[in-house]
Amino acid sequence: MNTFGNLLRVLPRVPLLPTQRLLIVPSSNRICGALNSTWVPDNLPKYRDGFNEIPELETADPVVQKLFSLEMADGIETRKVLRTINTDKYETKLEKNIANNTLHIRMLVEQLKQNHKDKQNKVFLIWAIDQRKKRLRRLQKLDINKYNSLIEEYDIPPLESPQDPQNKYKFRKFKINVPLEKKRNIEDFEKDRNY
């Protein structure tokens with residue numbers, strides 16, 4: 001059972017007057033915490049995806065408005081809203097995928113800052129960065145102007161050539177018997193894997 005159901009079982013059953021309303025706001029980090037994140041842009045719609053076109057919701061009770069608002073949405077629903085925004089914003093599928101992938105990477109970085117022992121998400125983060133890098137290379141070959149605008153908008157580090165002298169021997173297998181300088185931070189993954 002989810003945390004909301006567990007919360008309802010724990011609460012004492014108190015009869016409410018007809019004028020009283022009970023609004024339970026879950027306080028877990030996964031729920032209600034997505035809008036406070038750094039990876040979420042500022043220009044978001046007021047309600048969840050699919051409920052912005054309903055005129056009755058504007059005149060509804062404030063409790064009902066809050067239930068359908070993005071404040072009560074979890075990270076999955078927030079990402080769904082961001083995907084629809086990117087679908088309207090970009091015309092090519094490649095640009096939409098890069099924008100969605102970048103938002104997912106930023107979300108994973110934030111999750112890994114909180115839970116640094118999550119190895120499965122760390123592996124998925126590295127895979128997502130490599131997929132975005134592959135798509136960025138394809139966009140760079142097709143249209144350099146769209147590539148530059150996307151990099152500036154989302155603050156993505158620009159791609160470098162793997163044959164550059166500073167990138168040629170970055171892998172650990174080329175540095176045998178050389179001790180590691182420092183342990184990498186999660187924030188550095190996005191900047192380090194751009195060759």
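The following paragraphs lead through a predicted model, beginning with one helix and its neighbours and then turning to a loop residue and the salt bridges.

Helix α5, residues 119-142, is a convenient place to begin. It contains 24 residues and reaches 35 Å from its first C-alpha to its last, which is close to the 34 Å expected at 1.5 Å a residue. Several of its residues are buried, namely L125, A128, I129, Q131, R132, K133, L136 and L139. An α-helix has 3.6 residues a turn, so residues three or four places apart point the same way. The buried residues of α5 pack against three other helices: α4 (93-114), α6 and α8 (189-192).

Of these partners, α6 (residues 144-154) can be described in further detail. The axes of α5 and α6 are 6 Å apart, and the two helices pack at an angle of about 135 degrees. Angles over 145 degrees would count as roughly antiparallel and those from 65 to 115 as roughly perpendicular; α5 and α6 are therefore oblique to each other. On the α5 side the contact is made by L136, L139, Q140 and L142, and on the α6 side by I144, K146, Y147 and L150. By character, the residues of this contact divide into 6 nonpolar, 1 polar and 1 charged. Two of the α5 residues in the contact, L136 and L139, are also listed among the buried residues of that helix.

Another residue of α5, L125, leads to a loop. I186 is placed in the loop between α7 (165-168) and α8, and its contacts include L125 together with V109 and L112, when residues up to four places away in sequence are not counted. With a relative accessible area of 15%, I186 falls under the 20% limit and is therefore buried. I186 also lies 9.9 Å from Q111, C-alpha to C-alpha, although 75 residues separate the two in sequence.

The charged side chains give a further view of the model, in which the count comes to 8 salt bridges. One link involves α5 again: R132, a buried residue of that helix, belongs to a network of salt bridges with R106 and E190.

A second helix, α6, takes part through E153. The side chains of K89 and E153 meet in a salt bridge, at 2.2 Å from N to O. K89 lies in helix α3 and E153 in helix α6, so this pair ties together parts that are 64 residues apart in sequence. Both ends are partly exposed, K89 with a relative accessible area of 44% and E153 with 39%.

Helix α3 (residues 75-89) also holds E77. The side chain of E77 meets that of R48 in a salt bridge, with 2.9 Å from N to O. Because R48 belongs to the loop between α1 (3-10) and α2 (62-68), the pair ties together parts that are 29 residues apart in sequence. The two partners fall into separate classes of accessibility: E77, at 30%, counts as partly exposed, whereas R48, at 19%, is buried. The cut-off that divides them is 20% relative accessible area, under which a residue counts as buried.

A further salt bridge joins E71 and K66, whose closest N and O atoms are 3.1 Å apart. Here E71 is partly exposed at 44% relative accessibility, and K66 is partly exposed as well, with a relative accessible area of 31%.

Terms used. Residues are numbered from 1 along each chain as its sequence is written. This is a predicted model: local features need pLDDT of at least 70, side-chain atom pairs count only at pLDDT 80 or more; totals for chains, interfaces and linings use all residues. Side-chain values use heavy atoms; hydrogens and water are left out. Axes are lines fitted to C-alpha atoms, for helices over the stretch in contact, and angles run from 0 to 180 degrees between N-to-C directions. Helices (H or I, at least four residues) and strands (E, at least two) are DSSP runs, numbered from the N terminus. Angles under 35 degrees count as roughly parallel, over 145 as roughly antiparallel, 65 to 115 as roughly perpendicular and the rest as oblique. Contact means heavy atoms within 4.5 Å. Ala, Val, Leu, Ile, Met, Phe, Trp, Tyr, Cys and Pro count as nonpolar, Asp, Glu, Lys and Arg as charged, and the others, Gly among them, as polar. A salt bridge is a side-chain nitrogen of Lys or Arg within 4 Å of a carboxyl oxygen of Asp or Glu. Buried means under 20% relative accessible area, exposed over 50%, partly exposed in between (1.4 Å probe, protein chains only). The expected span of a helix is 1.5 Å times one less than its number of residues.
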